[in-house]
Every structure is written in C-alpha cells, then in structure tokens.
Amino acid sequence: MEHQGIPQAWDTLVVNARLATFAPGRAGDYGVADDADALAIAGGRIAWIGRAAERPARMRVTATVDAGGQWVTPGLVDCHTHLVYAGSRAREFALRLKGASYEEISRAGGGIASTVRATREAGTAALFEQARPRLQALMREGVTTVEIKSGYGLDRDTELAMLRAARRLGETEAVTVRATFLGAHALPPEYAGRADAYIDHVCDEMLPAVAAAGLADAVDAFCENIGFDAGQVERVFKAATALGLPVKLHAEQLSNLGGSELAARFGALSADHLEHLDEAGARALAAAGTVAVLLPGAYYFLRDTHTPPIALLRQHGVPMAVATDCNPGTSPFASLLLMLNMACTLFRMTPAEALNGVTYAAARALGMADRVGSLEVGKQADLAFWPVADLAELCYSYGTHAPARVLHAGIERGLEVE
C-alpha cells in the first residue's frame, strides 16, 4: 500500500480496479499492482493506492467510482505531435504514390514549405480551430498529455501564433499540453541558400521572443540533409540552454548526421525518429538518459524500409517512447492507439514496451515523469479505464477499443468530445 500525507478527505475513490501502474519500481509487464485494487484522488492528485478493504477507516470519500474489474492505466501521453498547422498535403500524398520521394517533393517546394505558406496565412484563432479536432481525436483515445510543436511558421510572428494556439488548446481542453518551439524545422524560402543566416534569426530573434513570452517548454530542431546540420543545430541548442529551455531533436530519420550524439551531449529530453541510429548514437543516448521516441506513423506513411534499431536500443537500455508525430506531410494520424499496433507490427516492439512507450517513457521524453505517465502517489490523477481482458488487446487490434472513462487531474471528462 502507498500513502503520502493522507488528507482528511478524498475527492474520489476508485475501487474494483485492475491497476497497471507503469511505475518504474514495479516488476513485471505493465507494472501491475497485484497488492492493490483501489486508488484515491485528492486535489487532482493520486493520494493513496492499496486494497479497498484496507483503506483508512477515518477517511471521508466524496465520490466512489466502481471500475467493474476494468484495467486502469495512466492517461496516455503523446510526446511528439505537430497538431497546429493549416492546409492539407493530400496532393503530395498522391504524388508520393506515383513514386516521388519525400526529399524530391521537399526540394521542389512542397513538403514543409507548402504547409508554411498555408500556416502563415492563418492567424492564431484559425490555427486553434483547425487543430482542435485533431487534439480531440487523441483525447477520445485516452490521451491526457500531449506535446505540440511549432515549426510551420518559420518566422517570428507565425511561430509565436502557433505556440499561442497550442497554449490555448491546453487552456480550453481537458488535457495537459506541452509546447515545443521548432523554429529550426526547415529553411524558409526567403532564406534560400542562407541557412546560417536563418539560424542567426532563430537564435537572436525568435528564441528570445518565445522565451520572453513563456510560450515554450522545450526547443526542438530537425538535424537532416533537408533540414540543418549538426553545427547549426548546436548553435540552436546553445541558445536554448542559455535561456533555460531543455532541448530535443529530430535525428537520424533519413540519414545519420550524428544528431543523437549531439542531442546526448546537451542532455536532450529525447531524440526522435532514429531509423538510421548507429551503436555510437545508442550508447550516447543511454549514457545521457535521453529517450528514444519512435514514430511508426511516419515510417509507415513514407513507406520506409529502414526500421529503427530496436534491438540496439534494448541492448543499451535506452528508454523507448512511441508517439503519433501527427503532422500534415508524413504522419497524418491522430490516433495513438493505431501507433501502438504499428509499433508492435512494424518495429516488433512487445505490447509491454509499446504501452510503456505511451505512458512512463513518453512522460520522460517531455521531462514530466515526476507528474504524469504512471500511477503513483503524488502524481496527477490522469486515469484511463479500459474494458479489455488483456492490455495487449490495445496493441493487438485497432478500431475496437476505447476507454470507458477518462479522468484528467482527477476530473472525469466526457468521452464524446465536441
């Protein structure tokens, strides 16, 4: 039984539950609490975990929730998304099916550049309205924490507008939003052939404005042949670190530029994609405690054939998270449950690894493992109730499972999000 500063009353007592805590200290798959069938909530946080028959007799309970023997997990965490953007890239999807590569489309002015044009033409209000249905689709699947990146403005004002839209989503929806500044996502057309000058703009103007407005929780960059090289990313990371912002990196997706080692050197929260990660990179990530965020949606949508080195990550004990990478060009999927299936079928992760990847490991990738991602006393009471016999069913099939109930910070939210 766990307890911590037990209050005089609990707001909610969940009973008759099968608790999959995903707590790192518990042995076995899913961190199942064999010694508990109940969980108490007070002030939006988990106040007690134990057997209902053994709860403190003096404790007053405002409301009791009978889980009916269902599995109760932490609310899911989607730790890599690009939910805020304008426009569509369906035409590029058709071109790709005819044989055009992602790099060819990008170099011809499509790809990220096409979304940049549409996003620049939209204001904060329009970006919010277009992103909201995507966020709500994730919420219907039990997501209670989500990261949202900027990176489709590539100028100061639009990047700020994107981050404001992300913040507003977190204020208006029953979900925790983590905002990430991704100004070094691509080279905007007005800086064609002047990548170093654009990095100057990111470091000297954009980042200080973002930090002064308090609009970002982390800073990201795209280290790739069609993005920025390691030296340019290092400049962004130094500027971010000077402003007190943690970093993360899109690394080794299409080639190996040593991005993972660079990320590790800066103590990055995560390195994401990693299809072309090598052993030196894996060792560096492990030593730094940097989370590997795997994005099977992008791998699938781009019809990639070079899988991330899962065995290498396991060998070196690198924590593995799984995320949607929801974006208009390479992973237009607002379904974290679909990513669970893809992580298992395409990357050969186990159900336990995949589910840990959307709970505790994902929380680590956001620097939030002290708040969310596992069922532990003192953490935010984000819970998802699953009417399944085996948690592996959430990875095994898609389209047949949804949480029966979701609590965010101890408050039950409607499943039919409008």
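Student: What makes the charged end of arginine 134 count as sitting over the ring of tyrosine 85?

Tutor: Its charged end is 3.7 Å from the centre of the tyrosine 85 ring. The rule asks for NZ of Lys or CZ of Arg within 6 Å of the ring centre and within 35 degrees of the ring normal, so the 3.7 Å of arginine 134 fits the distance part. Before we go on: this is a predicted model, where local features need pLDDT of at least 70 and side-chain atom pairs count only at pLDDT 80 or more, while totals for chains, interfaces and linings use all residues. Residues are numbered from 1 along each chain as its sequence is written, and side-chain values use heavy atoms, with hydrogens and water left out.

Student: Which ring does arginine 168 lie over?

Tutor: Arginine 168 lies over the face of phenylalanine 128, at 3.9 Å from the ring centre.

Student: Why is the pair of phenylalanine 22 and tyrosine 30 called edge-to-face or stacked?

Tutor: Rings of Phe, Tyr and Trp (its six-membered ring) pair if their centres lie within 6.5 Å; planes under 30 degrees apart are stacked, over 60 edge-to-face, and the rest tilted. Here the centres are 6.0 Å apart and the planes are at 70 degrees, so phenylalanine 22 and tyrosine 30 are edge-to-face. The whole structure has 10 aromatic pairs, and ring pairs also tie Phe93, Tyr300, Phe301 and Phe333 into a cluster.

Student: How do you know whether phenylalanine 22 is buried or exposed?

Tutor: Check its relative accessible area: buried is under 20%, exposed over 50%, and partly exposed in between (1.4 Å probe, protein chains only). Phenylalanine 22 has 5%, so it is buried. Tyrosine 30, at 14%, is buried too.

Student: What makes aspartate 35 and arginine 26 a salt bridge?

Tutor: You need a side-chain nitrogen of Lys or Arg within 4 Å of a carboxyl oxygen of Asp or Glu. The closest N and O atoms of this pair are 3.2 Å apart, so aspartate 35 and arginine 26 qualify. Aspartate 35 is partly exposed at 33% relative accessibility, and arginine 26 is partly exposed at 23%. Across the whole structure there are 18 salt bridges.

Student: How do you know that lysine 248 and glutamate 147 link distant parts of the chain?

Tutor: They're 101 residues apart, with lysine 248 in the loop between α7 (230-242) and β12, and glutamate 147 in strand β9 (residues 143-149). Those elements are DSSP runs, numbered from the N terminus: helices are H or I with at least four residues, strands are E with at least two. The two side chains meet in a salt bridge at 3.8 Å, N to O, and both lysine 248 and glutamate 147 are buried.

Student: And why is glutamate 173 called buried or exposed?

Tutor: With a relative accessible area of 10%, glutamate 173 is buried. Glutamate 173 is in the loop between α5 (156-172) and β10 (176-184).

Student: What makes its link to glutamine 136 a polar contact?

Tutor: Such a contact is a pair of N or O atoms within 3.5 Å; within protein, one must be able to donate a hydrogen and the other to accept it, and residues adjacent in sequence count only if both atoms are side-chain atoms. The side chains of glutamate 173 and glutamine 136 are at 3.2 Å, so the distance fits.
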